[in-house]
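Biologist: I would like to learn how to read a model like this one. Could you take me through it step by step?

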Amino acid sequence: MSFFRLQGKFTDNLVKIYALYTGGFLAFVVLMAIFEQMGMTADTIGLCFVGFTIFIYALIGWLSRTMQVDAYYVAGREVPPVFNGMATAADWMSGASFVAMAGGIYMGGHPYLAFVVGWTGGYVLVAILMAPYLRKFGCYTVPDFIGTRYGGNVARFCAIVVLIVASFTYVTAQIDATGTIASRVLQIPYGAGVWFGLVGILLCSMLGGMRAVTWTQVAQYIVLIIAYLIPVFWMSIRQDFGWFPQLSYGDAVARIQELEPMLQVGTLKPTETIAGVAALTNLHANPGDSALAAWKFVTLVACMMLGTASLPHILMRYFTTPTVKAARSSVAWSLFFITLLYFTAPALATLTKLQILDPNLATSIIGKAIADVQALEWIQKWGAVGMLAVSDSNGDGILQINEFFLRPDIVVLATPEIAGLPYVISGLVAAGGMAAAMSTADGLLLAIANALSHDLYYKMIDPHAETKKRLIVARILLVIIGAAGALVASLKLTGILGAVAWAFCFAMSGLFVPLVLGVWWKRANRPGAIAGMIVGLGSGSLYLYLVKWGGMTPWIGLDDLRFGIVGVVCSAVAMVVVTLMTKEPEKEIQDMVDEVRVPSGATILSSSH
Amino acid sequence: MSQMSAENRQGHWRKTRRLMFVHLAIWFVFAYLIQWFASDLNQFRFLDFPVGYYMAAQGSLYAFVIQLFIFVKQQDAIDREFGVAEE
């Protein structure tokens, strides 16, 4: 397998290698299905899936080990656009996308589609405003761009702070998700699952940095997309919605809208509360008639989009392409691969809901006798870990819509069991969720550790450090930050989707305006950028604190998931005003901006700065 | 950067900027405008979907993907026109 180390040869053979890998993975799934028929237990199958895939990632991580700076920080800048698109898609789609999003749509209905729109449309901003220019710049990290474009250690330091606040919030949610899945599959306590997940994450990234993360992320994308699509296709065929559910589940939406009044969804409220789980009370396709509902939808979309375009672990993926043009087309490919999952999520939520509600389907539980429902295996299993509850509130022995309680996060993981699919599919979905959470955690940990090792240590503290020392420092930081993340995750402070939304709001508050204006406004200068970052992050955080813990009434529906709107507006005002009050940047800086705007010519920063 | 005339540079940036505004306008329509009127659009059906739901769950996503592949082509054409494409 030495071809992994001969980069030239490896990148020439990418299609062949990953086709082989995909075939091998599918063969593994078939093998597991056969073993299941032969009597292998569900627990062993789950264990095999998670164990086998993590072993493969770790192998890729080990084979991609490197001691070269540009291989460690930017994968040697030789990742072709399509593969970088897959890696970005894995980097992007986290536990929140894979595990929580469909569950959110299941529970919340139309308003949750704001995540679907926001997490895809953000890439339009990345492609048009950011990625090609940052690639031309030749930076290793996002603070590297801020520090060089605006000059000075203060600007660089502010960017590091924003990066850490946003990425660390995000990474704890991912380690949380790996811990949840690991504890479920390996049947170990959640706390131990978190540390197990961390070891898996570090195996992928520690030895090879960005190069290792890139090639494991491609492998993880393949696993997660197969795991997400198969159950949906399967359910669709069984429910007679055709072979391509994404096009034809309109009938399923219509059927749910027909069932909702019959089952009194939204009118029959739960009469008791059970901690951690909730009953379905929202209509599936009702966006709400008020202007406030529309406003809340578009502000959430805006937060997710501007956050996308400011999150360092995403932007840094586009530093790895060979050319500026490749960076641009790589964004388009990323969005394509992401859309494959995102346009399936609402279909999954719809079909799963129909499995539960529709009395014509054998799997339905609403309207059935409580005793029968409680005898179902999946109800018992998820009930035992507190993820769902069935309670006969009115004592009539029949399960009503307000008597079935569920934690939205489990919808995707439980769907194969709800739909009565073989356990091999559940094992596959667990492996997919693990891949999604691990790949994102890897990207985030690397973004934080690289900012600290490259920008803080090398650029600000010890500019004469030799290559070997820089790379060792980078790795030590990676382990320390990972451990800190696992420690915070094991405290379970917030839910997965909430923490992720905060990360987006932090990133957009502090970084969006300085990044965009750094390219698109030549006049933008250092004091302006510093003011933009400090005021943006400061006002956003303050608003979050006041709304979430300070008892303040949110302004026109801007709750704690949307505080980035406040942050980014303050940041823009502060940056523009301060820039105009101070003198324009030096001639060299302005020439540099001119140079960033054209694709041809050498990068601004040399290849091993 | 010396081999490029200031005029050429300005022309390239003017066209790049215009392309940026055009695409951001399209993006704005699909990301915000259509979503704002989801409730009204739900009165109509497309492939049996309520249209407001469809646009949020799928329609806008297709628009973004197609838009980006077209953008890549257009920006590359501009770079070539002004001789600033790579190679």
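**Reading chain B, then two residues of chain A**

Modeller: Let's begin with a segment: over residues 51–72 of chain B the chain is 100% helix and 0% strand, with 29 Å between the end C-alpha atoms. Keep in mind that this is a predicted model.

Biologist: Which residues of chain B does the UniProt annotation "transmembrane region" cover?

Modeller: According to the unreviewed UniProt entry, that annotation covers residues 21–39 and 51–72 of chain B. Residues 21–39 of chain B are 95% helix and 0% strand, and their end C-alpha atoms lie 28 Å apart.

Biologist: What pattern does chain B follow along the sequence?

Modeller: Reading along the sequence gives α-α-β-β-α, and the secondary structure amounts to 3 helices and 2 strands.

Biologist: How do I read the radius of gyration of chain B?

Modeller: Set it beside what a compact globule of that length would give. For 87 residues that would be near 12 Å, whereas chain B has 18 Å. The spans along the principal axes add to the picture: the C-alpha trace of chain B covers about 60 × 20 × 15 Å.

Biologist: And how many of the contacts in chain B with a separation of 6 or more join residues 24 or more positions apart?

Modeller: Such pairs account for 59% of those contacts. As for burial, 52% of the 87 residues of chain B count as buried.

Biologist: What makes up the accessible surface of chain B?

Modeller: Its area is about 4,600 Å², and carbon and sulfur atoms contribute 63% of that. For the charges, compare mean positions: the 8 positive and 8 negative charges of chain B have means 5 Å apart.

Biologist: Now to single residues. Is Ser509(A) buried or exposed?

Modeller: The idea is to compare relative accessible area with a cut-off, and buried means under 20%. Ser509(A) counts as buried because its relative accessibility is 0%. Ser509(A) sits in helix H23 of chain A, residues 496–520. Beyond its neighbours within four places in sequence, its contacts include Gly532(A), Gly536(A), Gly540(A), Phe563(A) and Ser571(A).

Biologist: Where is Val161(A) found, and why is it classed as partly exposed?

Modeller: Val161(A) belongs to helix H9 of chain A, which runs over residues 153–186. The partly exposed class lies between the 20% and 50% cut-offs, so Val161(A), with a relative accessible area of 32%, is partly exposed.

Biologist: What separates the C-alpha atoms of Val161(A) and Leu452(A)?

Modeller: The distance is 9.8 Å, although the two residues are 291 residues apart along the chain.

Definitions and conventions. Residues numbered from 1 in each chain as written. Chains lettered and ligands numbered in written order. Predicted model: local features only at pLDDT ≥ 70, side-chain atom pairs only at ≥ 80, totals over all residues. Heavy atoms only, no water. Helix = DSSP H or I, 4+ residues; strand = E, 2+ residues; numbered from the N terminus. Rg over C-alpha atoms; globule rule 2.2 N^0.38 Å. Buried < 20%, exposed > 50% of the residue type's maximum accessible area, 1.4 Å probe, protein only. Contact = heavy atoms within 4.5 Å. Areas by Shrake-Rupley, 256 points an atom, 1.4 Å probe, with all protein chains shown as cover. Lys, Arg positive; Asp, Glu negative; His and termini not counted. Charge placed at Lys NZ, Arg CZ, Asp CG, Glu CD. UniProt positions renumbered as here; feature names shortened; annotations may be inferred.
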